[in-house]
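Here's a quick walk through one protein chain and the ligand that comes with it. Have the structure open while you read.

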Amino acid sequence: MRPLVVGTRQSELALTQTEWVVNRLKEVCPGLEVRVEKIVTKGDRILNVTLSKVGGKGLFVKEIEQALLDKRIDFAVHSMKDMPGEMPKGLVIGAIPVRENPLDCLLSREGHTLNDLPAGSVVGTSSLRRQAQILACRPDLKVEPVRGNLGTRLSKMKNGQFDAIILAAAGLSRMSWQDEISQELPVEQMLPAVGQGALAVECREDDEELLALLQKINHEETARAVWAERAFLRSFHGGCHLPLAGYAEVIGDEVRLTGLVAQPDGKKILRATLQGQDEWDLGERLAKELIDQGAGELLATVREGLVG
Ligand SMILES: NCc1[nH]cc(CCC(=O)O)c1CC(=O)O
């Protein structure tokens with residue numbers, strides 16, 4: 001294998017994830033040389049602006065994808081949940097390694113769970129998906145936006161700006177910060193984001209030498225689950241900043257997919273589960289089922305709110 005260049009954002013989490021993937025590649029290809037190229041993305045430059053108002057999460061991957069297309073880098077490691085539904089022509093996801101804990105968790109200053117947080121407590125999250133699901137079970141809490149990388153959010157909670165925050169278990173676990181978790185939220189209370197806990201290793205579609213190597217760190221079960229979740233996401237046309245959740249598991253030789261579309265105030269939650277063999281078909285059928293329940297109208301109202 002030729003020496004490779006991997007592109008990554010420069011946040012601690014991104015670097016940790018990249019190093020993890022590089023180590024997996026070195027296990028299956030001893031002696032492999034990989035140079036790490038740090039890339040500053042638009043999402044990193046505007047961390048003080050509410051993300052949903054500036055065009056969503058594609059912001060974290062665009063510059064990196066351009067570097068791939070320009071052949072300045074050979075591959076890139078992304079958090080799967082930061083990947084938009086559609087990818088640029090010429091690029092593919094070459095591997096989906098084994099998934100970390102997909103759940104969201106509550107971190108609270110006093111060690112409370114979601115059910116026993118005192119009324120009026122302020123919960124920090126900028127995700128409409130998390131906001132809607134918190135308010136659905138605890139309409140007496142206040143949700144306020146919080147931005148910044150994991151460390152910044154943690155310190156904002158610890159210094160009293162928030163009574164609690166919601167973060168993905170996967171990020172905390174990769175940073176070895178699991179001890180900060182007050183409660184892992186069950187999927188019944190907090191359905192995760194599409195792709196949460198999984199990584200995407202992206203490369204050029206014609207790089208056959210690299211694709212053959214990446215195939216060796218692909219995790220079939222994770223990949224099947226994530227394809228079903230992403231098929232569901234794509235049916236809503238790139239709605240990664242929308243109050244939308246999707247989570248799939250492999251059960252025997254089938255995939256069971258649960259999807260959710262919510263009103264940001266949590267007063268309306270549409271949810272459905274389907275099981276089947278074909279991931280793409282499953283995602284599309286689940287989206288149709290939620291659209292039949294009124295998801296289209298609900299999301300249209302949210303989209304207007306985001307633009308205005
Ligand atoms: N929203 C940003 C983001 N993108 C990926 C992760 C880490 C978790 C993962 O890989 O799914 C996080 C932090 C978080 O949501 O708590």
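The notes below go from domains to sheet, then to the ligand and a few spots elsewhere.

Keep in mind that this is a predicted model. The domain assignment splits the chain into three parts, listed here with their residue ranges.

| Domain | Residues |
|---|---|
| domain 1 | 4-97 + 198-218 |
| domain 2 | 104-184 |
| domain 3 | 244-307 |

Domain 1 comes in two stretches of sequence, 4-97 and 198-218. Between the C-alpha centres of domain 1 and domain 2 there are 27 Å.

Now for the sheet. Reading across it, you pass β2, β1, β3, β10 and β4, in that order. It's an open sheet of 5 strands, and the pairing is mixed. At the edges sit β2 (34-38) and β4 (91-95), each with a partner on one side only. From one strand to the next, the twist averages 35°.

Zoom in on the β4 edge. Strand β10, residues 199-204, runs antiparallel to β4, and 4 bridges join the two. One facing pair to look for is V92 opposite C203 in β10. As background, strands of a sheet pair through backbone hydrogen bonds, either parallel or antiparallel.

A helix goes with this sheet as well. Helix α1 (residues 12-28) lies across β1 (4-8), β2, β3 (75-79) and β10. Relative to β1, helix α1 runs at about 155°.

Which residues surround the ligand? They are S79, K81, D82, L167, A168, A170, G171, Q196 and G197. Two elements, β8 (164-168) and α6 (169-174), each give two or more residues to this shell. By class, the shell has 3 nonpolar, 4 polar and 2 charged residues. Domain 1 and domain 2 each supply at least three residues to the shell.

Next, a loop. Look between α5 (150-158) and β8, and you'll find G160. Is G160 buried or exposed? G160 counts as exposed because it has 9 C-beta neighbours inside 10 Å, and the cut-off for exposed is 12 or fewer. G160 and V122 are 38 residues apart along the chain, and their C-alpha atoms are separated by 9.7 Å.

Finally, take helix α4 (residues 128-137), which is mostly covered. Of its 10 residues, 8 are buried. The buried ones in α4 are L128, R129, R130, Q131, A132, Q133, I134 and L135. Note that this buried list includes R129 and R130 along with L128 and I134.

Notes: Residues numbered from 1 in each chain as written. Predicted model: local features only at pLDDT ≥ 70, side-chain atom pairs only at ≥ 80, totals over all residues. Pairing = 2+ DSSP bridges. Axes fitted to C-alpha atoms, helices over the stretch in contact; angles between N-to-C directions. Contact = placed C-beta atoms within 7 Å. Domains from an automatic or database assignment. Near = placed C-beta within 6 Å. Nonpolar A, V, L, I, M, F, W, Y, C, P; charged D, E, K, R; others polar. Buried ≥ 20, exposed ≤ 12 C-beta atoms within 10 Å, placed from the backbone.
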